[in-house]
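Dear colleague,

I am handing over the structure we spoke of, and below it I have set out what was found. Please read the notes with the structure open beside them.

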Amino acid sequence: MTELFDWEFATNYRDPMRPVLLRGGCAAWSACQRWSPEYFEKVAGSMIVPTKTLDGSEIKVSSWELAKYARFVMESPSCHDGASSLNARAAPYCHDIPLLGLVESLAEDCQPFPVNFVSSSYRRHWWRYTQFFMGPEGTVTPLHFDTLLSHNLFFQIFGAKQFTILPPSQATRCARRGWRWFDVDPEQPDYVRFPQYKRATPLVITVNPGDILYMPPGTLHHVRSLSASISFNIDFHTNRSVLDALTQADKGMPKEVIFYNAVTALAVISNVPEAITFPLYRPYLSYVS
C-alpha cells in the first residue's frame, strides 16, 4: 500500500467521516506473521476471557480459558457447507475484550502503529483502548453501530472478515431495535418484513490479513468471519464526534454510554489527564450492550 500520511487520513477520511479500506495498511507488523490461535494459546493461555453467544436478541456471556478457546477455534469445522446465520450466532465468540491492555507486550507486535490517526489523548497508551476479537469461521455479529458513536479503526491480523456497511443516514431502513442493534439481516434480507430495506445501499467489503478498515461514527456494520479470524480495533472520539454523541443522550442512549462519552469528553476536549479519565473509561472495554 502506498503510505498514507497522517494529514491525508484526517483530511480525506476521518474529519469528513468517510469510510476507507487501507489494503495492506498493517501488513508489515510482526503481528501479521506471529498471531494465530496457537500463538495466543502460548502467550496468554492461562488467562480467563469472556465469550459472547447470541440467544435470539439476548447476549449471553460465558468464561473460557484462552488456551481452550484457541483450541476450539482451531478445531471448529468449516461453516461453508450450509451453515446458517442462526448457527453462526450460536458459536461462542471472544470479542470486544481489552486483551492488548492486559498483555501489553502484544502492542510490540503492532509497530509502527498509526498513532496520529487517532486523537491525541489516545496516543501515549493506544493499546489500552483497543478491543480484541478471535473466533472460528462463520462467526457473525449482526447489524449494529458502535455504542459510543465513536470512530472505529479496525485491524485485521489473521484470517479474513466480510463487512456489510451502511451509512448512519440509512438506519431508518434497517429496523432498529433498542439503542444500537437492527433486525435486518443484510445477507438474507426479508423484504416482506422490512420493505424499507429495498431502498438501502449496503456496501460489502472483504477485509484481509494486514488490512485496516476505518468506519465513521454511527456506521452500521454486519460482520462475518470468512475463516478463523483474529483482529482488534480502537474506538476513539474527536472533539466533533464526542459532542455529536452527547447530543443524542436523550434518544435512547443507555446511561452507561452517556457516562463513558462524558468521560471521553473530559479527555478529548478538556485535556483532563489520562491518569484520571482512563480508570473511569476502562469498564467500557468490557461493556456488553
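**Overall fold and aromatic pairs**

Among contacts in the protein between residues at least 6 apart in sequence, 81% join residues at least 24 apart. Please keep in mind throughout that this is a predicted model. The protein holds 10 helices and 14 strands, and its C-alpha atoms fill a box of roughly 50 × 50 × 40 Å when taken along the principal axes. For 289 residues, a compact globule would be expected to have a radius of gyration near 19 Å, and the 18 Å found for the protein agrees with that. Of these 289 residues, 52% count as buried, while the surface that the protein exposes comes to about 13,000 Å², with carbon and sulfur atoms supplying 53% of it.

The aromatic side chains were looked at next. A pair of aromatic rings is described by the distance of the centres and the angle of the planes. Across the whole structure, the search finds 32 aromatic pairs. One of them is formed by Phe9 and Phe117, whose rings are stacked, at 4.1 Å centre to centre and with 5° between the planes. Phe9 belongs to helix H1 (residues 6–14), whereas Phe117 lies in the loop between helix H6 (99–102) and helix H7 (120–123), so the pair ties together parts that are 108 residues apart in sequence. Phe9 and Phe117 are both buried.

A second pair has another geometry: Phe154 and Phe163 are arranged edge-to-face, with 5.0 Å from centre to centre and 70° between the planes. Phe154 is buried, as is Phe163.

Ring pairs also build a cluster, in which Trp29, Trp35, Tyr39, Phe40, Phe113, Trp126, Trp127, Phe132, Phe155 and Phe232 are linked. A ring with a charged partner is that of Phe278, since Arg128 lies over its face at 5.5 Å from the ring centre.

Finally, a word on Thr277, which is part of helix H10 (residues 274–281). Is Thr277 buried or exposed? With a relative accessible area of 4%, Thr277 falls under the 20% cut-off and is therefore counted as buried. If residues up to four places away in sequence are set aside, Thr277 touches Val263, Leu266, Ala267 and Val272.

With best regards

Methods
Residues numbered from 1 in each chain as written. Predicted model: local features only at pLDDT ≥ 70, side-chain atom pairs only at ≥ 80, totals over all residues. Heavy atoms only, no water. Phe/Tyr/Trp six-rings, centres within 6.5 Å; stacked < 30°, edge-to-face > 60°. Helix = DSSP H or I, 4+ residues; strand = E, 2+ residues; numbered from the N terminus. Buried < 20%, exposed > 50% of the residue type's maximum accessible area, 1.4 Å probe, protein only. Lys NZ or Arg CZ within 6 Å of the ring centre and 35° of its normal. Contact = heavy atoms within 4.5 Å. Rg over C-alpha atoms; globule rule 2.2 N^0.38 Å. Areas by Shrake-Rupley, 256 points an atom, 1.4 Å probe, with all protein chains shown as cover.
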